[in-house]
Amino acid sequence: MTKAVRATVSKKLRFEVFKRDAFTCQYCGAHPPNVLLHVDHINPVANGGKNDIDNLVTSCEPCNLGKGARLLTVVPETLAAKAAAVAEREAQLLGYQEILEAKRARIEDELWRVAEVVDPGSSKLGMSRDWTASIRRFNERLGVHAVLDAAEIARGRYPWGGKRTFLYFCGICWNLVRQADAGRGGEL
Ligand SMILES: [Zn+2]
């Protein structure tokens with residue numbers, strides 16, 4: 001009854017699990033369109049595992065099949081089943097693309113929030129690639145809030161913006177990066 005096991009996880013619940021896991025296989029990191037995703041029961045159904053979101057994890061087809069005994073796939077035979085499989089694939093790809101899109105939008109948004117503080121008007125007038133690349137790196141390393149604080153401090157010191165302010169801002173950020181690295185080293 002492998003078919004029944006798969007059928008009991010509703011599409012809504014399945015996509016909730018995928019979304020929580022960023023449409024990425026939690027075993028190997030694969031994602032659409034390279035693989036078809038399944039939901040895997042952490043505690044198997046055979047052992048009384050429930051169709052609860054906390055008991056479900058996103059797994060690509062190869063990882064899921066690799067688990068051997070519990071084959072959750074069914075080969076679609078009818079035309080309707082084939083159409084459903086295609087729809088599932090497309091829905092998974094769309095979901096994954098939405099996650100990427102949201103991440104890209106967040107990174108852009110955070111970049112220009114910082115840029116506007118460190119160099120007023122830049123969110124409209126633009127900023128050199130070197131500078132935007134630096135801000136992106138700092139945001140990634142330190143988080144946007146620490147970087148915004150650094151931008152505020154730099155503006156406090158050199159209120160007019162421009163190169164002087166930017167270099168001072170970079171100095172503060174690099175100090176924070178060094179502190180973070182030292183802190184990590186100390187903990188280990
Ligand atoms: Zn996998």
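F23 sits in the loop between helix 2 and strand 1, and its backbone is a bit of an oddity: phi is positive, about 50°, although F23 is not a glycine. Bear in mind that this is a predicted model, so every value here is computed from its atoms. The residue just before F23 does something similar, since A22 has a positive phi of about 55° and is not a glycine either. A22 also belongs to the loop between helix 2 and strand 1. How do the two fare for accessibility? F23 comes out at 4% relative accessibility and therefore counts as buried, while A22, at 27%, counts as partly exposed.

That loop has another backbone feature to look at. The peptide bond from P32 to P33 is cis, with omega near 5°, and P33 is in the loop between helix 2 and strand 1 (37-41).

**The zinc site**

Which residues hold the zinc ion? The ion is coordinated by the SG atoms of C25, C28, C60 and C63, at 2.3 to 2.4 Å. Along the chain, these donors follow the spacing C-x2-C-x31-C-x2-C. The angles that the four donor atoms subtend run from 105 to 115°, so the arrangement is tetrahedral. For reference, ideal angles at a metal are 109.5 degrees for four tetrahedral donors. Two of the ligands can be set against each other for accessibility: C25, at 2%, counts as buried, whereas C28, at 46%, counts as partly exposed.

**Around strand 2 and helix 2**

V57 is part of strand 2 (residues 56-60). Beyond its neighbours within four places in sequence, V57 is in contact with V17, R20, D21, Q26, Y27, H38, V39, D40 and I42. One of these, H38, is 19 residues away along the chain, and the C-alpha atoms of V57 and H38 are separated by 8.4 Å.

Over in helix 2 (residues 11-20) you'll find R14. Leaving aside neighbours within four places in sequence, R14 is in contact with V9, V39 and E88. Is this arginine buried or exposed? At 10% relative accessibility, R14 counts as buried.

Here are some of the residues discussed in this report, lined up by accessibility:

| Residue | Relative accessibility | Class |
|---|---|---|
| R14 | 10% | buried |
| A22 | 27% | partly exposed |
| F23 | 4% | buried |
| C25 | 2% | buried |
| C28 | 46% | partly exposed |
| V57 | 12% | buried |
| T132 | 8% | buried |
| C173 | 0% | buried |

**The overall layout**

Stepping back, the protein has eight helices and two strands. From the N terminus on, the elements run α-α-β-β-α-α-α-α-α-α. Of the 188 residues, 34% count as buried. Among contacts with a separation of 6 or more, 61% come from residues 24 or more positions apart.

Helix 4 (residues 79-118) has 40 residues and reaches 59 Å from its first C-alpha to its last, close to the 58 Å expected at 1.5 Å a residue. Its buried residues are E88, A91, Q92, G95, Y96, E110, L111, V114, A115, V117 and V118. An α-helix has 3.6 residues a turn, so residues three or four places apart point the same way.

**Two cores**

The largest nonpolar core has 19 residues, and those with the most contacts inside it are V114, V118, I135, F166 and F169. Helix 4, helix 6 (129-142), helix 7 (144-157) and helix 8 (163-187) are the elements that give two or more residues to this core. Which helix gives the most? That would be helix 7, with six residues. F169 touches V114, V118, I135, F138, V147, A150, A151 and A154, not counting residues up to four places away in sequence. There is also a second, separate core of 15 residues, which includes C25, V35, L37 and A91. The zinc ligand C25 thus shows up again, in that second core.

T132 is placed in helix 6. Not counting residues up to four places away in sequence, T132 touches L111, W112 and M127. At 8% relative accessibility, T132 counts as buried.

**Cysteines without a partner**

How many disulfides are there? A search of the whole structure finds zero. C173 is in no disulfide, and the nearest cysteine sulfur, that of C170, is 6.6 Å away. With 0% relative accessibility, C173 counts as buried.

Notes. Residues numbered from 1 in each chain as written. Predicted model: local features only at pLDDT ≥ 70, side-chain atom pairs only at ≥ 80, totals over all residues. Heavy atoms only, no water. Donors = N, O, S within 2.8 Å, 3.2 Å for Na, K, Ca; no water. Tetrahedral: all angles 85-135°; square planar, octahedral: opposite > 155°, others 65-115°. Buried < 20%, exposed > 50% of the residue type's maximum accessible area, 1.4 Å probe, protein only. Helix = DSSP H or I, 4+ residues; strand = E, 2+ residues; numbered from the N terminus. Expected span 1.5 Å × (residues − 1). Contact = heavy atoms within 4.5 Å. Disulfide = S-S within 2.5 Å. Core = buried A, V, L, I, M, F, W, Y, C linked by side-chain atoms within 4.5 Å.
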